[in-house]
Amino acid sequence: MDSLRHIVENTLVPHSAFVEASIRIEQCMRYAVDSPEPVCLAIVGESRTGNTRVLEEYASKYSPARTKEGLNIPILAVKSPSKPTVKGMAELMLQIMGDPRFDSGTENAKTIRLKRLMKNAGTYQIVLDEFQHFYDKGLRGVMHHMADWLKILVDDTKAALVVSGLPSCMAVLEQNEQLAGRFFAPVVMPRFDWTNTEHREEFMGILGAFQESIGSHFDIPRLDHEEMGFRCYCATGGLIGYLSKFLRSAVWNAIDTNKKIITLDDFRLAHKSAVWSCEQISNTLSPFSRKFQATFAEELIAQAREIGLPKAQVAVSRSKNSTPRVARPRNI
Ligand SMILES: Nc1ncnc2c1ncn2[C@@H]1O[C@H](COP(=O)(O)OP(=O)(O)O)[C@@H](O)[C@H]1O
Ligand SMILES: [Mg+2]
């Protein structure tokens, strides 16, 4: 029963961007071995496009191991705190490296200790998530002290660096030439767009993967049919994070009520609590309602593209595009 509960998380969909990101991270690590200069890579994407999952899957292949020579930690995987400082970041990294006295010593002493621990543990790659926190939105500037510290850390340890985060994290590189010079072109994790054929096919492929895993345990409305695909797109804005969230919720509801059949209405309820409530959408017809007209309408697509965006960004994009949109239904 427990594995059934995790059926959605345990389904890993190797869509194109996921595969590309995984290959590029691996390459980055291999290049770093021979390169005289540090090799760095950024994986960027809006929230819920799957940035973190890429890093997690990668890091899980190189987990720490105890050897005769001591602890081997090939990858130092760390998440930037929301307000990073050198002291805080060094402490966090020391803690991950297993230093029991991670919070003692000056900033400098901590950094020296960190470099030594990384060398001893054979750490050849730093994977840093939530890198957008290196950009201070309030001050509209990069925390240069942090960025410089990170640059020196990778220079001195010769570790490959992979950063990941929201698109705003690119500002850290744009405003820090020295760090930027060490980076390859970024990998962009997409939000799938229904009007783009490649994206639509990719999204349908993802639905197919979930159909296979969930459908082998539950009787569900066929996810990978075009009409259901469009409903799922309108319900999630093409964000894999929202898709998996509402599917997980539907599975949990079924398990908790001892059901083997998940209906369209169950999708509607799961989606309402898992996605519509986060998005504070209450007065719009659910894409999983029987009354929903699953025909291609500009209005529906425009609405889906706003799902998951910060509310301030939605307001800006609406004011830029203030001509009234008219829904023109067409067959999909
Ligand atoms: N390739 C994938 N296959 C299956 N599930 C995924 C995939 N990518 C992301 N997810 C799921 O989507 C959710 C959000 O992903 P996450 O990596 O946290 O997004 P982000 O870091 O971009 O906000 C998680 O539950 C994650 O397991
Ligand atoms: Mg994330």
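This passage describes the surroundings of ligand 1 in a predicted model.

Ligand 1 occupies the largest pocket. Two elements each give two or more residues to the shell around the ligand: α3, spanning 51-61, and α11, spanning 240-256. The largest share belongs to α11, with four residues. Both domains take part in the shell. Domain 1 (16-189) supplies at least three residues, and domain 2 (192-320) likewise supplies at least three.

The shell holds 17 residues, of which V13, R48, G50, T52 and R53 come nearest to ligand 1. Sorted by class, nine residues of the shell are polar, four are charged and four are nonpolar.

Polar contacts to oxygen atoms of ligand 1 involve both backbone and side-chain partners. In the side chain of R53, an N or O atom lies 2.7 Å from an oxygen atom of the ligand. At G50 the partner is a polar backbone atom, 2.9 Å from a ligand oxygen. S244 contributes a polar side-chain atom, placed 3.3 Å from an oxygen atom of ligand 1. On its own, ligand 1 has 560 Å² of accessible area, and the protein covers 82% of this area.

R53 and G50 thus appear twice in this account: both belong to the group of residues that come nearest to ligand 1, and each has an atom paired with a ligand oxygen, at 2.7 Å for the R53 side chain and at 2.9 Å for the G50 backbone.

Conventions:
Residues numbered from 1 in each chain as written. Chains lettered and ligands numbered in written order. Predicted model: local features only at pLDDT ≥ 70, side-chain atom pairs only at ≥ 80, totals over all residues. Heavy atoms only, no water. Near = heavy atom within 4 Å. Polar contact = N/O pair within 3.5 Å; in protein donor to acceptor, adjacent residues only side chain to side chain. Areas by Shrake-Rupley, 256 points an atom, 1.4 Å probe, with all protein chains shown as cover. 1 Å grid on protein atoms, 1.4 Å probe; cavity = no way out; pocket = protein on both sides within 12 Å on 5 of 7 lines; lining within 4 Å. Sits in = over half its atoms within 2 Å of the grid points. Nonpolar A, V, L, I, M, F, W, Y, C, P; charged D, E, K, R; others polar. Domains from an automatic or database assignment.
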